[in-house]
2 protein chains.
Amino acid sequence: MISNHRPQRPMRSGRLFFRTYSSRGTRLPSLGTTLPKFSFPESTADIKSITSSLDSLLNSSKDVTIYGHLNRKPRKMSVNTFGELRDHNGDLTQIIMTPQSTSSELIEELRSGIPEDSICVTGKVQLKVPKAGEEHLRSWELIVEKFQVLNKSNEAASQLDKLKHSNPESLPPHLRYLQLRTPKLQDALRKRSQAANVARQTLIENHNFVEIETPLLFKSTPEGAREFLVPTRTPSKFYALPQSPQQYKQILMSSGFTRYFQIAKCFRDEDLRADRQPEFTQIDLEMSFISDSDQVGAVVEDVVKSIWEKVAVKPIYRPLGDDLLEEVKKTDNTNSLSFPKISYIDAMTKYGIDKPDLRSTLKFVELSKIFKSSNSRFPIVEACVLKNALSNGTKIPHSFKDNSKYPGRKPIVIGISTEELKTGWFEKFIEKGVLQFQEGASQGQLAEVLNVEVGDILAFSTREELPYENPTSLGRFRQLAIEEYPNHWRRKIKESSDGTIREVQDPSTLFVASWVVDFPLFNPPEEEGSERLQSTHHPFTMVKLEDYKLLESDPLKARGEHYDLVINGVEVGGGSRRVHDPELQMFILKSLLKIENHEELFGHLIQALSMGCPPHAGLALGFDRLCSMLIGSNSIRDVIAFPKNQAGADPMVESPTSVPADVLGNYHIKLEESKQS
Amino acid sequence: MISNHRPQRPMRSGRLFFRTYSSRGTRLPSLGTTLPKFSFPESTADIKSITSSLDSLLNSSKDVTIYGHLNRKPRKMSVNTFGELRDHNGDLTQIIMTPQSTSSELIEELRSGIPEDSICVTGKVQLKVPKAGEEHLRSWELIVEKFQVLNKSNEAASQLDKLKHSNPESLPPHLRYLQLRTPKLQDALRKRSQAANVARQTLIENHNFVEIETPLLFKSTPEGAREFLVPTRTPSKFYALPQSPQQYKQILMSSGFTRYFQIAKCFRDEDLRADRQPEFTQIDLEMSFISDSDQVGAVVEDVVKSIWEKVAVKPIYRPLGDDLLEEVKKTDNTNSLSFPKISYIDAMTKYGIDKPDLRSTLKFVELSKIFKSSNSRFPIVEACVLKNALSNGTKIPHSFKDNSKYPGRKPIVIGISTEELKTGWFEKFIEKGVLQFQEGASQGQLAEVLNVEVGDILAFSTREELPYENPTSLGRFRQLAIEEYPNHWRRKIKESSDGTIREVQDPSTLFVASWVVDFPLFNPPEEEGSERLQSTHHPFTMVKLEDYKLLESDPLKARGEHYDLVINGVEVGGGSRRVHDPELQMFILKSLLKIENHEELFGHLIQALSMGCPPHAGLALGFDRLCSMLIGSNSIRDVIAFPKNQAGADPMVESPTSVPADVLGNYHIKLEESKQS
């Protein structure tokens, strides 16, 4: 019997010691101890099914057999011994051994059990005596006749008992399987499975898509993010793991498939900031003979709405007009979008970011007619007012002025605490030369546009004409304001039935979706003096037809036929119409992006286009991110069974590892000698 | 306009030249040529939908718009111009331009079209004038009013016109997208998509499985086949791509998931014999709290039968008794198997292979009571008789005596062409000392057991007592006999309705399934003098409980709780009950397999088992192989969109490629200097 009476020790990041087996693999365990682990009666029920057929079970007094884990250490209380079983659904029931129901040996065995032992119990269901005040609740317990340990747990698991029932993250990551036994992560992975299934059913049943697997051993195309390489046994030849199935799916459009999708594994060897993973999953789709990108958007809306309806079981809203929301209803016209489209310029000027969180009504006021900026690189002056933010005598939140919260520049934030500041907040900045009044502009105009009152917080900043800074300093301020004031400036819900308007009760259940479109097709060259434009998304994105001639005259002004799907300020998907004309694609690769070896890198794609490839468009949804939103988590690690940590390691299996030189020799590679610094 | 009047050139294995663009990417194509490629009317129908609503379309004389590819070069015949459009379903229709229906410019444009141009046509449907003798057939054609080329094909595609309509393999592999446009491969990938969907629905809806993705960036575990390595930016650290999700799925069983599945990508860096791919797909599943392996088998049978029912739309049969078959009906009892179980020893002694093709009734006769073998390593003498194989004056097929058809030894094959041979075929071999009569054995006994007659082919061979040779020489002979005589010695079908027995009409539509069980758990050490046993399947397979004590006394005699699913002589899946007892698993790894670094390689799995991991069992189905059987193909390349060739290369994208030294430097590796030979 293993003692349970040690003091609870704090968790460390290192390995927990695991039980030392007496034999350490040198002796075959006896048949007597092994047999009961493999031979056991068939299960007749789980806790849910017993609860739902309780009356008939009580009447019949038939035996039931349940499997599960011991959920805590069994205890003897005067006469009887009490345990708790957790079944595969995470449901709990009390199990009781009495001297009448079973033998003293079995009672002893139950008492020596520790949490997380996996067990099989057979016995009779009886009604529980209700606690005082709970007489109206009917619950049951199991009188155990037979009891069998199917596998022992060990001391470490027993120590983890209490932690397990709180936050899975309080369990050490190398014991991921114990983290996964918690209700939170069980629910997360089950919902992820459901979401994948709903996405597939929607695409296959409603939209006639074909699921096609594309290769993971792909070709190195060093134009995007850093890739993972895979050495081969052919000297000096490498595969690369794909960053997305982009090229293969376009080639599928040239292969006669008109509607392709795949729930695809993708790989990026990026620095693992905040919440990224080196391998991730996307719902990837492409459609041919597409004359209007909205046809793709409509399919994607159906997928997203079906997932929210069937898995989140929550509505998804669209902003309607300025500050009202209405539940999205499915329409019969599958080619029209129901989430609104916001142009990139609108998003940047109103919200300071290309993925605005539209749960909030906060937006910016442009002050360029009133003020001139003194910095010619950032000529536009704009402001954001938080109405009544100081109303209850609160102060300006610290984060608004914390440099570390801003990736780049910071806006000026002023608490309008007095009548004097209300009318004269800008004077100091005029004096300092930060702002200048435009000719003919008046204070009256300013008051009218801004409408600042005592109790408001005012933030103002400058920005570029066409902002490539994303978010802008004021855009970042808006994000912080939404975090600091979760219940302020929320859009309200307009009931679709009767048009009544109501407040959102629980902001955590509110999902607001929109499309962002009309992105610039290119960004300016990264290096001074270079003429190499950068693709905003990727080099296969089609220009908007009305901007076609700008490709020659002023390509930085040309907008792409690209569309991002944004929910609650998170970019959950992005897609575009593609260039299916091989001559146009070559012009973009060669003359605009100036990719020298474009034939080597993309020759196969150009050739596939040149064989009568039909017009096509497609999109990819970030499935990990979508699932984490579904379960209300900020981290994609919660919806990935075995995530890597920020060092790219799997702490459970302890990968990556070193590999012997002779194995590397199979691939004609060797380790670089460590460099002298 | 591109000339079409060049002579047809024979295909070469090298690259086809592709159209040289005048500008080669230096000039933006004019808006006039680009616009029609992107702006085109919405499609109203495809060929199937027109055919099904033909009458109402003829009555309304409404315009229809269809998309597709030109299927052959349009031709002018006296007045009108005729083309053929192939739509996304691969259906064909004739399109006609008349001087009345449209302008001369459009007629000119259609005439300049070449095969595989992608097009959009609008016009009116009319009934076709039937050919003589086909007056009873009603078909239609399209009178074109508007015509638009959505993308040009090029000369190469036009040359491929004729090839395309025969066998996709006659098209060069670097033009995989053109191969994929053929009906055969369109059907193959669509069926694959359906099969995946049916498998998922069966597991999720009927059996409550959860689909969970496991990592592809895994840990190197150099115990199985050769793995692919993935260098990381941490010096001297590597991931490995998984050969299967085996360890992760067992750990999921320790994570509270009771029914897991995944349609998983797996990787093996093996020499690509015949029909293997470096990346392949399996339907991978695992179930916990399993007391009887048949529970897993029953789920797998439901998956396989559902796929055959819904995708192949063909029955799947099971051998009943000796040579009758009966269609499998689904039963309510999900825990009993309907495909029969054959033990490994039975399969080897009757059919000489562990994956017998049971469409055939051929089996072996053991002659050990009559003959002794002169070779003590191969003491057993056995024979296989092909009844009436020579009946029509045919000779012994060449392949039976062709050394190259046998991986190892070859049986002796005798055509019983005379009465003399019938009674005395063995005499020569007695003389040579190959065979000896057993004491007391008589010719009469031999005649009784073998029942050879004139016109039969007799093959005999020797084998080991417990054959590890697989197939045995006679087993390989049986495979050749089935190939050479596809319509002989076939099992017949017993109708389940009335018990009548009938011949199989089309052997290519016959599918016969069985389980093979009771494999030896270990194979003998590979090297002379070594004590390291080899796992027959993998080190996590549980021994049959009745053989438990043999693990200590005579482990080579112990049978594993492993089960293979075999259809038509192909192993389509394999699974087992696992060792969930950490002490037993350590004993196997350390004392039997003698894996020195088992803690380093499998410590995480042992630890996961030691945390009260419940009993579990699982199986994996080879999805590529299953799909190729579904479409009646011998090659998994036909059900993979972009397969690798036998050199492991993708001839379409031309991977693998070389990688610059500075990129390798990111991963702290460099190329090995080429070795001096």
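In which sense, right-handed or left-handed, does α8(B) pass α10(B)? I started my notes there, working on a predicted model. I found a right-handed crossing of α8(B) past α10(B).

**Entry: helix α8 and its partners**

I pulled the axes next. Helix α8 (residues 183–206) of chain B and helix α10 (residues 294–312) of chain B come within 9 Å of each other, axis to axis, and cross at roughly 140°. That makes α8(B) oblique to α10(B), because the oblique class stops at 145 and anything over that counts as roughly antiparallel.

Then I listed who touches whom. On the α8(B) side the contacts include K191(B), Q194(B), A195(B), V198(B) and N206(B). Among the α10(B) residues they meet are V299(B), D302(B), V303(B) and K310(B).

I checked a second neighbour, helix α19 (residues 623–630) of chain B: its axis and that of α8(B) come within 10 Å and cross at roughly 120°. So α8(B) is oblique to α19(B), and the crossing is again logged as right-handed. Here R192(B), A195(B) and A196(B) of α8(B) meet F623(B), D624(B), C627(B) and L630(B) of α19(B). I noted A195(B) twice, since it turns up in the α10(B) list and in the α19(B) list.

**Entry: the sheet**

How many strands form the open sheet of chain B? I counted eight, in the order β6-β9-β10-β27-β26-β25-β22-β13, with mixed pairing. β6 (210–211) and β13 (341–343) of chain B sit at the edges with a single partner strand each, so one side of each has no neighbour in the sheet.

I looked at what packs on this sheet. Helix α9 (residues 246–253) of chain B touches β9 (259–267), β10 (279–288) and β27 (616–622) of chain B, and its direction makes about 20° with that of β10(B). Helix α11 (residues 344–351) of chain B also packs on the sheet, against β13 and β22 of chain B, at about 75° to the direction of β13(B).

I followed the pairing from the β6 end. β6(B) and β9(B) run parallel, joined by two bridges, with E211(B) opposite F261(B) of β9(B). β9(B) and β10(B) run antiparallel over nine bridges. F261(B) has a bridge partner in β10(B) as well, namely L285(B). I also checked how covered β9(B) is: eight of its nine residues are buried.

Further along, I found strand β22 (residues 513–517) of chain B antiparallel to strand β25 (residues 562–567) of chain B, with five bridges between them. A513(B) faces I567(B) of β25(B) there.

**Entry: H398**

Is H398(B) buried or exposed? I get 64% relative accessibility, and the cut-off for exposed is over 50%, so H398(B) counts as exposed. I placed H398(B) in the loop between β16 (380–386) and β17 (412–415) of chain B. I also took a C-alpha distance: H398(B) and E484(B) are 86 residues apart along the chain, and their C-alpha atoms are separated by 9.7 Å.

**Entry: chain B on chain A**

Last, I superposed the copies. A turn of 180° with a shift of 0.0 Å along the axis lays chain B on chain A at an RMSD of 0.1 Å. That is the relation of a two-fold axis. I compared the contact residues too: 100% of those of chain B recur in chain A, so the same surface serves both copies.

Key. Residues numbered from 1 in each chain as written. Chains lettered and ligands numbered in written order. Predicted model: local features only at pLDDT ≥ 70, side-chain atom pairs only at ≥ 80, totals over all residues. Heavy atoms only, no water. Pairing = 2+ DSSP bridges. Helix = DSSP H or I, 4+ residues; strand = E, 2+ residues; numbered from the N terminus. Contact = heavy atoms within 4.5 Å. Axes fitted to C-alpha atoms, helices over the stretch in contact; angles between N-to-C directions. Buried < 20%, exposed > 50% of the residue type's maximum accessible area, 1.4 Å probe, protein only. Least-squares fit on C-alpha atoms with pLDDT ≥ 70 in both. Parallel < 35°, antiparallel > 145°, perpendicular 65-115°, else oblique. Left-handed = near helix turned anticlockwise from the far one by under 90°.
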